[in-house]
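Thank you for sending this entry for comment. Please have the sequence and the coordinates open while reading the remarks below.

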Amino acid sequence: MKQTSDKRLYKKYLAVRLRLEGHTFDEIGELLSRARQTVGLYGKAYQTQGLSGLKMDHSPGQPTNLRRNNADD
């Protein structure tokens, strides 16, 4: 946890740590301003893939819609 400067990843690590310490998903969600379901997904990713399961390979959200104006079209 101390080695990351990524705020989102830090919160995921913290969520897993709090869960391992016995806190409920609801408690963790409230502490971290995350939905209970999101905290559950963090826990599942950790259980199946370890800490590497918490890292993001891509930016979340919908991809941007880039359109190129091409005079030749």
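The points that follow go from the overall arrangement to individual residues.

1. The model is a predicted one, and the remarks here should be read with that in mind. Its secondary structure comes to three helices and zero strands, so that the order of elements from the N terminus on is α-α-α. The protein has 73 residues, of which 22% are buried. Of the contacts between residues at least 6 apart in sequence, 38% join residues that are at least 24 apart.

2. The largest nonpolar core deserves attention before the single helices. This core has twelve residues, namely Leu9, Tyr13, Leu14, Ala15, Val16, Leu18, Ile28, Leu32, Val39, Tyr42, Ala45 and Leu54. Helix H1 (7-20), H2 and H3 are the elements that give two or more residues to this core, and the most comes from H1, which gives six.

3. How do the axes of helix H2 and helix H3 cross? The axis of H2 (residues 25-32) comes within 8 Å of the axis of H3 (residues 36-49), and the two cross at roughly 110°. Since angles of 65 to 115 degrees count as roughly perpendicular, H2 and H3 are therefore described as roughly perpendicular to each other. On the H2 side the contact is made by Phe25, Asp26, Ile28 and Gly29, and on the H3 side by Arg36, Val39 and Gly40. By residue class, the contact of H2 with H3 divides into three nonpolar, two polar and two charged residues.

4. Helix H2 has a buried side and an exposed side, and the two can be assigned to particular residues. Ile28, Gly29 and Leu32 are the buried residues named for H2, and because they cover an arc of only 100° around the axis, they lie on the same side of H2. Glu30 and Leu31, in contrast, are exposed on the other side of H2. The buried residues of this helix pack against H1 and H3, and two of the residues just named, Ile28 and Leu32, also appear in the list of the largest nonpolar core.

5. Ala15, which is found in helix H1, can be read together with the buried side of H2. With a relative accessible area of 2%, Ala15 is buried, and its contacts, leaving aside neighbours within four places in sequence, are with Ile28, Leu32 and Tyr42. All three of these partners are listed, as Ala15 is, in the largest nonpolar core. Ala15 and Gly29 are 14 residues apart along the chain, and their C-alpha atoms are separated by 8.1 Å.

6. Lys12 also lies in helix H1, and a reader may wish to look at its surroundings in the model. Is Lys12 buried or exposed? Its relative accessible area is 12%, which is under the 20% limit, and Lys12 therefore counts as buried. Not counting residues up to four places away in sequence, Lys12 touches Tyr42, Leu54 and Met56.

7. Leu54 is placed in the segment after H3 and belongs to the largest nonpolar core. At 2% relative accessibility, Leu54 counts as buried. When residues up to four places away in sequence are not counted, Leu54 touches Leu9, Lys12, Tyr13, Val16, Tyr42, Ala45 and Tyr46. A separation of 9.9 Å is found between the C-alpha atoms of Leu54 and Lys11, although these residues are 43 apart along the chain.

8. Two exposed residues complete the picture, and the one to be checked for its backbone is Ser33, which follows H2 and is placed in the loop between H2 and H3. Its phi is near 55°, a positive value in a residue other than glycine, and with a relative accessible area of 60% Ser33 is exposed. The other is Leu20, a residue of helix H1, which counts as exposed at 62% relative accessibility. Leu20 and Gly43 are 23 residues apart in sequence, and from C-alpha to C-alpha they are 9.3 Å apart in space.

How values were computed:
Residues are numbered from 1 along each chain as its sequence is written. This is a predicted model: local features need pLDDT of at least 70, side-chain atom pairs count only at pLDDT 80 or more; totals for chains, interfaces and linings use all residues. Side-chain values use heavy atoms; hydrogens and water are left out. Axes are lines fitted to C-alpha atoms, for helices over the stretch in contact, and angles run from 0 to 180 degrees between N-to-C directions. Helices (H or I, at least four residues) and strands (E, at least two) are DSSP runs, numbered from the N terminus. Angles under 35 degrees count as roughly parallel, over 145 as roughly antiparallel, 65 to 115 as roughly perpendicular and the rest as oblique. Contact means heavy atoms within 4.5 Å. Ala, Val, Leu, Ile, Met, Phe, Trp, Tyr, Cys and Pro count as nonpolar, Asp, Glu, Lys and Arg as charged, and the others, Gly among them, as polar. A nonpolar core is a set of buried Ala, Val, Leu, Ile, Met, Phe, Trp, Tyr and Cys residues joined through side-chain atoms within 4.5 Å. Buried means under 20% relative accessible area, exposed over 50%, partly exposed in between (1.4 Å probe, protein chains only). The arc is that of the directions from the helix axis to the C-beta atoms.
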